[in-house]
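I open a notebook page for this chain. The plan is confidence before geometry, then single residues.

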Amino acid sequence: MRHYRRQASRRQLTLADRTIFHDFVATRSDRLLRTAYLLTRDWGVAEDLLQESLAKAWFAWPGIDEPEAYVRRVLVTTYTSWWRRRWRRELPSDDLPHAVTHDPPGGEREELWQAVGRLPARQRAVVVLRFYEDLPVAEVARILGCQEGTVKSQCAKALAKLRVDESIVKELHR
């Protein structure tokens, strides 16, 4: 009998949360998809990353206090684990894949986003969360699960790399 009550209350909680989760997905998906795209630099992979992140959030939904921050963190950690797995399985090839390019969200200059795309995954995550999402250092640190000093140092390293990136430097001297 006790087990039955636990299942019944869980079912009610899930049904009540379904509407809230649906509203969250409807209102926040576009912004989260742009964040995923800036991390992956590929719309198809970004959609897969967002879908997997939202699926992970669904299973933890009843216990989440700040849904958007939680999903952003899941996006970054899932992307990082995908990147690590892909790196280990990557095989050299003479054939280059066809490059698909899309305009970055918001109409920002393509050269800048290509340069951001060349940053290491952790630095790219810091730049996207700090400057594109306009989050404070403390929030970025919480999302990435690191110290504020780590966010600041990763940000400084990323900005230093961007300052000397030839594609951006050429654009400034035009």
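**Confidence**

I looked up pLDDT by element, the predictor's confidence in each residue, from 0 to 100. Among the elements of the chain, α7 has the highest mean, 92, and helix α8 (residues 166-172) the lowest, 67. For the chain the mean is 79, and 72% of its residues reach 70 or more. Two stretches I flagged. Residues 1-12 have pLDDT below 50, with zero contacts beyond near neighbours in sequence. Residues 104-108 are also below 50, but that stretch has 10 contacts beyond near neighbours in the model. I count a contact when heavy atoms are within 4.5 Å. Where pLDDT is low, the predicted coordinates should not be read in detail.

Ground rules, noted once. This is a predicted model, so I take local features only at pLDDT of at least 70 and side-chain atom pairs only at 80 or more, while totals for chains, interfaces and linings use all residues. Residues are numbered from 1 along each chain as its sequence is written, and side-chain values use heavy atoms, with hydrogens and water left out.

**Overall make-up**

I listed the elements next. The chain has eight helices and zero strands. Helices (H or I, at least four residues) and strands (E, at least two) are DSSP runs, numbered from the N terminus. Of the 174 residues, 36% count as buried. My cut-offs are under 20% relative accessible area for buried, over 50% for exposed, and partly exposed in between (1.4 Å probe, protein chains only). I also checked contact range. Among contacts between residues at least 6 apart in sequence, 67% join residues at least 24 apart.

**Helix packing around α7**

Two packed helices are described by the angle between their axes and the distance between the axes. I use lines fitted to C-alpha atoms, for helices over the stretch in contact, with angles from 0 to 180 degrees between N-to-C directions.

How do α5 and α7 pack? Their axes are 9 Å apart, at an angle of about 100°. The two are therefore roughly perpendicular. That label covers 65 to 115 degrees; under 35 is roughly parallel, over 145 roughly antiparallel, the rest oblique. From α5 I noted Arg122, Gln123, Val126, Val127 and Phe131; from α7, Val151, Gln154, Cys155, Lys157, Ala158, Leu159 and Lys161. These residues divide into seven nonpolar, two polar and three charged. Nonpolar here is Ala, Val, Leu, Ile, Met, Phe, Trp, Tyr, Cys and Pro; charged is Asp, Glu, Lys and Arg; the others, Gly among them, are polar.

I then turned to α6 against α7 (residues 148-164). Their axes come within 8 Å and cross at roughly 100°. That makes α6 roughly perpendicular to α7. Val137, Ala138, Val140 and Ala141 in α6 meet Glu148, Val151 and Lys152 in α7. The split is five nonpolar, no polar and two charged.

**α6 and Glu139**

Why is α6 largely enclosed by the rest of the structure? Six of its eight residues are buried, so the rest of the structure largely encloses it. I listed them: Val137, Glu139, Val140, Ala141, Ile143 and Leu144. A charged name in that list made me look twice. Glu139 has a relative accessible area of 17%, so it counts as buried. Its side chain makes a polar contact of 2.9 Å with that of Arg142. A polar contact is a pair of N or O atoms within 3.5 Å; within protein, one must be able to donate a hydrogen and the other to accept it, and residues adjacent in sequence count only if both atoms are side-chain atoms. Leaving aside neighbours within four places in sequence, Glu139 is in contact with Glu66 and Ala69. After α6 comes Gly145, with a positive phi near 70°.

**Thr78 in α3**

Thr78 sits in helix α3 (residues 67-89). Its relative accessibility is 2%, so I log it as buried. A polar side-chain atom of Thr78 lies 2.7 Å from the backbone oxygen of Val74. Not counting residues up to four places away, Thr78 touches Leu49, Glu52, Ser53 and Lys56.

**Positive phi in loops**

I searched for positive phi outside glycine. Arg41 has phi near 65°. Arg41 is in the loop between α1 (2-40) and α2 (43-60). Asp134 has phi of about 60°. Asp134 is in the loop between α5 (121-132) and α6 (137-144). At 61% relative accessibility, Asp134 counts as exposed.
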